[in-house]
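Q: I would like to learn how to read a model of this kind, one feature at a time. Could we begin with what is meant by a helix?

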Amino acid sequence: MEFLLQLVINGLVVGCIYSLVALGFVIIYKSSGILNFAQGEFLLVPVVPALLLTFAFSTLLGLALERLVLRPLIGEPIISVIMVTLGLSSILRAIVQGIWGTDTRPMHAVFSLEPIQIGPLPVARGYLYSAASVAVLLVALTLFFKYARPGIAMRATADSQQVSLSMGISVRRIFALSWSIAAVVSAAGGVLLATMRGGVDGSLAILGLKVLPVVIVGGLDSIGGAILGGLLVGVLENLAGGYLDPIFGGGVKEVAPFVALVLILMIRPYGLFGKVRIERV
């Protein structure tokens, strides 16, 4: 039982960070209808000593990519935009490896990693602080989308760009804002993950692909779905790694989220909380 609880707790902590990164996907998709396959590289690129510089750099990076990559593609077929984000993913990874190499760069812990005792279980303080930080960010973003004027404008743009334009909302500015917020959110997730792992390397970018099941399971346009999907995938991944990897010799932990994705989509094609779109022809 203690082993099970330990796996669940660790899975919830990692799942919180998955939710944070998944939120970056959802923000861009809700405002522009684009699934950004370069989202994982946003975790990797801002590797600078200071956190404030990291977030400032991430904001500028998101704005630059929106202006140079997304804006010229407005009105183009969605498959063209997807292919561009895939190419952007490779370019960003190559730039990072060319500048910093492929070796793991050590990173000092933002939070203390000394364990504290919760009942019979030792839990690293850094895990709890990371989960609390993610919870605060998720609540702040939820309130932003519900009450702040820019957040309401982003929701309106997601529903209809034409209506938003007629109401005086600058869709281009909303696109720029969504990309910058998504970049900062992913950078925060990258900092927390790097702290838990003790360093930064190219494998952080792979998290973008690992978070895809989170986004799709929860629903591409659902903030609540991204949060719940992250927690579910984090716990499922940890349980599979703890119980099934020893039996099958490894590899189940990486595959389990995608198996769950297929099973859920067979029942709910739009995800757990995705908006059902009905087209009449």
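A: Helices are DSSP runs (H or I) of at least four residues, and they are numbered from the N terminus. In this model, which is predicted, L86 is a residue that belongs to helix 4.

Q: How much confidence does the predictor place in the chain, and which elements have the lowest and the highest mean pLDDT?

A: The pLDDT expresses the predictor's confidence in each residue, from 0 to 100. Here the chain has a mean pLDDT of 77, with 83% of its residues at 70 or more. Among the elements, helix 2 (residues 39-44) has the lowest mean, 66, while helix 10 (residues 223-248) has the highest, 86.

Q: Returning to L86, is this residue buried, exposed or partly exposed?

A: The general idea is a scale of relative accessible area, on which buried means under 20%, exposed means over 50%, and partly exposed lies in between. L86 has a relative accessible area of 35%, and it is therefore partly exposed.

Q: Which residue is 50 residues away from L86 in sequence, and what separates the two in space?

A: Here one sets the separation along the chain beside the distance in space. The partner is N36, and the C-alpha to C-alpha distance between L86 and N36 is 7.9 Å. A second pair can be read in the same manner: E2, which is placed in helix 1 (residues 2-32), and G119 are 117 residues apart along the chain, with 9.8 Å between their C-alpha atoms. E2 has a relative accessibility of 47%, so it counts as partly exposed.

Q: How does one look for empty space inside a model, and how many cavities of 30 Å³ or more are found here?

A: Rolling a probe the size of a water molecule over the atoms shows where empty space is left. When the whole structure is searched, two cavities of 30 Å³ or more are found. The second largest cavity holds about 40 Å³ of space, and its lining consists of I34, V69, L70, L73, V81, V84, T85 and W179. Helix 3 (51-70) and helix 4 (78-100) are the elements that give two or more residues to this lining, and helix 4 gives the most, with three residues.

Q: Finally, which residues make the nonpolar surface patch, and where is V259 placed?

A: V255, V259, V262, L263, M266 and I267 make a nonpolar surface patch of about 620 Å². V259 is placed in helix 11 (residues 252-267). Patches are made of residues with over 30% relative accessible area, and V259, at 44%, is partly exposed.

Technical notes. Residues are numbered from 1 along each chain as its sequence is written. This is a predicted model: local features need pLDDT of at least 70, side-chain atom pairs count only at pLDDT 80 or more; totals for chains, interfaces and linings use all residues. Side-chain values use heavy atoms; hydrogens and water are left out. Patches are made of residues with over 30% relative accessible area and no salt bridge: like charges are joined within 9 Å, nonpolar side chains (Val, Leu, Ile, Met, Phe, Trp, Tyr) within 5 Å. Accessible areas come from the Shrake-Rupley method with a 1.4 Å probe; for residues, only the protein chains shown count as cover. A salt bridge is a side-chain nitrogen of Lys or Arg within 4 Å of a carboxyl oxygen of Asp or Glu. Buried means under 20% relative accessible area, exposed over 50%, partly exposed in between (1.4 Å probe, protein chains only). On a 1 Å grid over the protein atoms alone, a cavity is a set of points where a 1.4 Å probe fits but cannot get out, and a pocket is an open set with protein on both sides within 12 Å along at least five of seven lines; lining residues have an atom within 4 Å of a point. Grid points are joined across faces, edges and corners, and a volume is the space filled by probe spheres set on the points.
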